[in-house]
Amino acid sequence: MSLKEFDIELSKIRNGQNHYTYRLEPAFFENFDNHTVKSSNMEIALELDKSDRLVNLRFNIKGSLGLDCEKCLAAYQQPVDHVSFLIVKITDEEQPKDEEDEIIYLSRKENCFNIGQHIYDFVLLALPFVKTCTEPGNLPECDREMLAKLELLSHPDTNEAEPDERWSKLKDFLSNN
Ligand SMILES: [Zn+2]
């Protein structure tokens, strides 16, 4: 799946509202060297509102990705439902260094930009920080005892930083076993 598909050529677009739909195949993610996506049922509905100097893009990102649970390694479907925005300024001004990433500066000569990287970033932002199957510990794939041990190993400093009843219970549990 080539990223060329995500080129936006402004000269071919009339001013006003325009609608596009993209389907993301697993190969889309390989363009970014991401091999964690095993399957993809993702649809991006893009509303593009164009005027002479400004293009507003609204991405409605919906569907699911087949990932591996980071806790029990079982394959699961991660639902994704997210809205992201991008603004393109058509100007010969330079983009200020401190300006946010969500604004693209495009000179009048350029006329074309690619939204592939942006879509990739938006999808990743829409994913939870820790990617786990639903209700870890309640599914047969997720072994509760294993999860408890992994949790403790992955947060070695937690009991110093914030004393938490759960951690001392876990420690007792582990030391009694
Ligand atoms: Zn799991």
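Biologist: Hi! Where is the place of L125?

Modeller: L125 sits in helix α2. One thing to keep in mind as we talk: this is a predicted model.

Biologist: Thanks, noted. Is L125 buried or exposed?

Modeller: L125 is exposed: 10 other C-beta atoms lie within 10 Å, and a residue counts as exposed at 12 or fewer. L125 is 41 residues from S84 in sequence, and their C-alpha atoms are 9.5 Å apart in space.

Biologist: Which other residues on that side of α2 are exposed?

Modeller: Q117 and L124 are exposed there along with L125.

Biologist: And which residues of α2 are buried?

Modeller: Those are I119, F122 and V123. Looking down the axis of α2, the buried residues fall within an arc of 100 degrees, so they line one face of the helix.

Biologist: What covers those buried residues of α2?

Modeller: The cover includes strands β3, β4 and β5.

Biologist: OK, let's go to the sheet. What's the strand order?

Modeller: The order is β2-β3-β4-β5-β6, an open sheet of 5 strands with mixed pairing. At the edges stand β2 (16-24) and β6 (103-106); each has a single partner strand, so one side of each is left without a neighbour in the sheet. On average, neighbouring strands are turned by 20 degrees against each other, direction ignored.

Biologist: How does α2 meet that sheet, and what angle does its direction make with β5?

Modeller: α2 packs on the sheet and touches β3, β4 and β5. The direction of α2 makes about 135 degrees with that of β5.

Biologist: How many bridges join β3 to β4?

Modeller: There are 12, and the two strands run antiparallel. A hairpin through 3 residues joins β3 to β4.

Biologist: What about β4 and β5, how many bridges there?

Modeller: β4 and β5 are joined by 15 bridges and also run antiparallel. They form a hairpin too, with 6 residues between them. As one pair to look at, L67 has Y76 in β5 as its bridge partner.

Biologist: Can you walk me across these strands, starting at M42? What is its bridge partner in β4?

Modeller: The partner of M42 in β4 is G63. Step across once more and G63 has V80 as its bridge partner in β5.

Biologist: Nice. Which residues is M42 in contact with, leaving aside its neighbours within four places in sequence?

Modeller: M42 is in contact with R23, L24, G63, L65, V80 and V123. You just met G63 as the bridge partner of M42, while V123 is one of the buried residues of α2.

Biologist: Now the core. Which residues of the largest nonpolar core touch the most other members?

Modeller: M42, I44, F59, I61, I119 and V123 do, in a core of 25 residues. At least two core residues come from each of α1 (26-30), β3 (39-50), β4 (54-68), β5 (75-90) and α2 (116-126). β4 gives the largest share, 6 residues. As background, nonpolar side chains in soluble globular proteins tend to be buried together.

Biologist: Different spot: Y22. Which strand is it in, and which residues is it in contact with beyond four places in sequence?

Modeller: Y22 lies in β2. Leaving aside neighbours within four places in sequence, Y22 is in contact with I44 and L46. Y22 and I61 are 39 residues apart along the chain, with their C-alpha atoms separated by 9.6 Å.

Biologist: How does Y22 count for burial?

Modeller: Y22 is partly exposed, with 19 other C-beta atoms within 10 Å. Being buried takes 20 or more.

Biologist: I also noticed L73. What's its phi, and where does it lie?

Modeller: Phi of L73 is near 70 degrees, a positive value in a residue other than glycine. L73 lies in the loop between β4 and β5, and is exposed, with 11 other C-beta atoms within 10 Å.

Biologist: And N111, what's its phi?

Modeller: Phi of N111 is near 70 degrees, again positive in a residue other than glycine. N111 lies in the loop between β6 and β7 (112-114) and counts as partly exposed, with 13 C-beta neighbours inside 10 Å.

Biologist: Last one, zooming out: how many helices and strands are there in the protein chain?

Modeller: The chain has 5 helices and 7 strands. Of its 177 residues, 17% count as buried.

Key. Residues numbered from 1 in each chain as written. Predicted model: local features only at pLDDT ≥ 70, side-chain atom pairs only at ≥ 80, totals over all residues. Core = buried A, V, L, I, M, F, W, Y, C linked by C-beta atoms within 7 Å. Contact = placed C-beta atoms within 7 Å. Arc of directions from axis to C-beta. Pairing = 2+ DSSP bridges. Axes fitted to C-alpha atoms, helices over the stretch in contact; angles between N-to-C directions.
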